[in-house]
Each structure stands twice: as structure tokens, then as C-alpha cells.
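This report walks through one protein chain for a reader who is meeting it here. Please look at the sequence and the structure before reading on.

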Amino acid sequence: MGAGMSSTLPLFARRARISEYVRARLRPEDRRRGPVVPKELEGLDLSRSFAPNDQRIPVPSPDEMMSILARMGKLKPEDELNCGACGYDTCREHATAIHPRPGGKRDVPAVHD
Ligand code: SF4
């Protein structure tokens, strides 16, 4: 909102008043012609394309889970403290995040490596 503009009206009412002002001052030939596109923008391709990029974290198989937990030093169920200090609610959630993704990347480094 510019200096000197009243703020007593709601935004949409102020916007409507500006639109009415512009419509009232449009010349008839401008109304017939419609929106004007500058020459340098004619034919400009504004289309976009998107490719799928699956970001789901793959769930490790039971054997992979046991292998990751073993690398984390969790060889028995009692070793899974589920303390949350790593930022995951459970040790298995942490192990799932450590599990390599198809591209060979891991979500996070292993705290217990
Ligand atoms: S993996 Fe995470 S939740 Fe499990 S013991 Fe280590 S810090 Fe705690």
C-alpha cells in the first residue's frame, strides 16, 4: 500500500476500486484489442515439463535390517534402546534411513558407525 492510501477498506475492496478505475479509462479500441503482448515476447514458450523423482525411502529386507543393526552395534533386541538421541524414534527407523537408496546414497550417516 502506497503512502497516502487509505487502509480502512479491505484489500479486495481496494483492488476492486483500482480495477473499476482502469476499466473506466480503457479506450474502446483497447477493449476490442484485448491484452497486448510485446513483440519480443510473442511465441515465447512458457511450458514446463516434469519427470518423476521418487523420494520414498526403500524399506530394507529383514536380512538387510539385521546387517545394518549389527553395524550399529545392535546385535540383540535389548541393544535397541530406542532413545531418540539420533533424531529417530526407534533404532529401526534410524537403520532404515541408513539403508542405501537405489542411487547408492544414504539418507543420513550412521551415528554408531
Ligand atoms: S540408533 Fe538412535 S534411537 Fe537407537 S540407541 Fe542409537 S541414538 Fe538411540
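Glu 80 lies in the loop between H3 and H4, where helices (H or I, at least four residues) and strands (E, at least two) are DSSP runs, numbered from the N terminus. With a relative accessible area of 16%, Glu 80 is buried, a word that means under 20% relative accessible area, while exposed means over 50% and partly exposed in between (1.4 Å probe, protein chains only). Leaving aside residues up to four places away in sequence, Glu 80 touches Leu 69, Lys 74, Cys 91 and Arg 92, a contact being heavy atoms within 4.5 Å.

Before the other parts are described, a word on the origin of the values is needed. This is a predicted model, in which local features need pLDDT of at least 70 and side-chain atom pairs count only at pLDDT 80 or more, whereas totals for chains, interfaces and linings use all residues. Residues are numbered from 1 along each chain as its sequence is written, and side-chain values use heavy atoms, with hydrogens and water left out.

**The chain as a whole**

The chain holds four helices and zero strands, and read along the sequence it follows the pattern α-α-α-α. Of its 113 residues, 17% count as buried. Among the contacts in the chain with a separation of 6 or more, 40% are accounted for by residues 24 or more positions apart. The chain exposes about 9,500 Å², and carbon and sulfur atoms supply 56% of this area; accessible areas come from the Shrake-Rupley method with a 1.4 Å probe, and for residues only the protein chains shown count as cover.

The predictor's confidence in each residue is given as pLDDT, from 0 to 100. The chain averages a pLDDT of 85, and 86% of the residues score at least 70. Among the elements of the chain, helix H3 (residues 62-71) has the highest mean pLDDT, 95, and helix H2 (residues 28-33) the lowest, 79.

**Salt bridges**

A salt bridge is a side-chain nitrogen of Lys or Arg within 4 Å of a carboxyl oxygen of Asp or Glu. Side chains of opposite charge can pair when their charged atoms come close. The structure holds three salt bridges, which are set out below.

| Acidic residue | Basic residue | Closest N and O atoms |
|---|---|---|
| Glu 29 | Arg 27 | 3.7 Å |
| Asp 54 | Arg 56 | 2.8 Å |
| Glu 80 | Arg 92 | 3.1 Å |

The pair of Arg 92 and Glu 80 links distant parts of the chain, since Arg 92 is in helix H4 and Glu 80 is in the loop between H3 and H4, twelve residues apart. Arg 92 is partly exposed because its relative accessible area is 36%, whereas Glu 80, at 16% relative accessibility, counts as buried. In another of the pairs, Glu 29 is partly exposed with a relative accessible area of 39%, and Arg 27 counts as partly exposed at 47% relative accessibility. Both Asp 54 and Arg 56, by contrast, are exposed.

**Helix H4 and its surroundings**

Helix H4 (residues 91-98) is mostly covered, with six of its eight residues buried. These buried residues are Cys 91, His 94, Ala 95, Thr 96, Ala 97 and Ile 98, and they pack against H3. Thr 96 counts as buried because its relative accessibility is 19%. Not counting residues up to four places away in sequence, Thr 96 touches Ile 57, Pro 58, Pro 60 and Met 65.

Cys 91 is buried as well, with a relative accessible area of 9%, while Cys 86 is partly exposed, with a relative accessible area of 30%. The structure holds zero disulfides, a disulfide being a pair of cysteine sulfur atoms within 2.5 Å. Met 72 is found in the loop between H3 and H4, and with a relative accessible area of 6% Met 72 is buried. From C-alpha to C-alpha, Met 72 and Cys 91 are 9.0 Å apart in space, although they are 19 residues apart in sequence.

**A nonpolar patch**

On the surface, Ile 18, Tyr 21, Val 22 and Leu 26 form a nonpolar patch with about 370 Å² of accessible area together. Patches are made of residues with over 30% relative accessible area and no salt bridge, like charges being joined within 9 Å and nonpolar side chains (Val, Leu, Ile, Met, Phe, Trp, Tyr) within 5 Å. Of these residues, Tyr 21 is found in helix H1 (residues 11-25).
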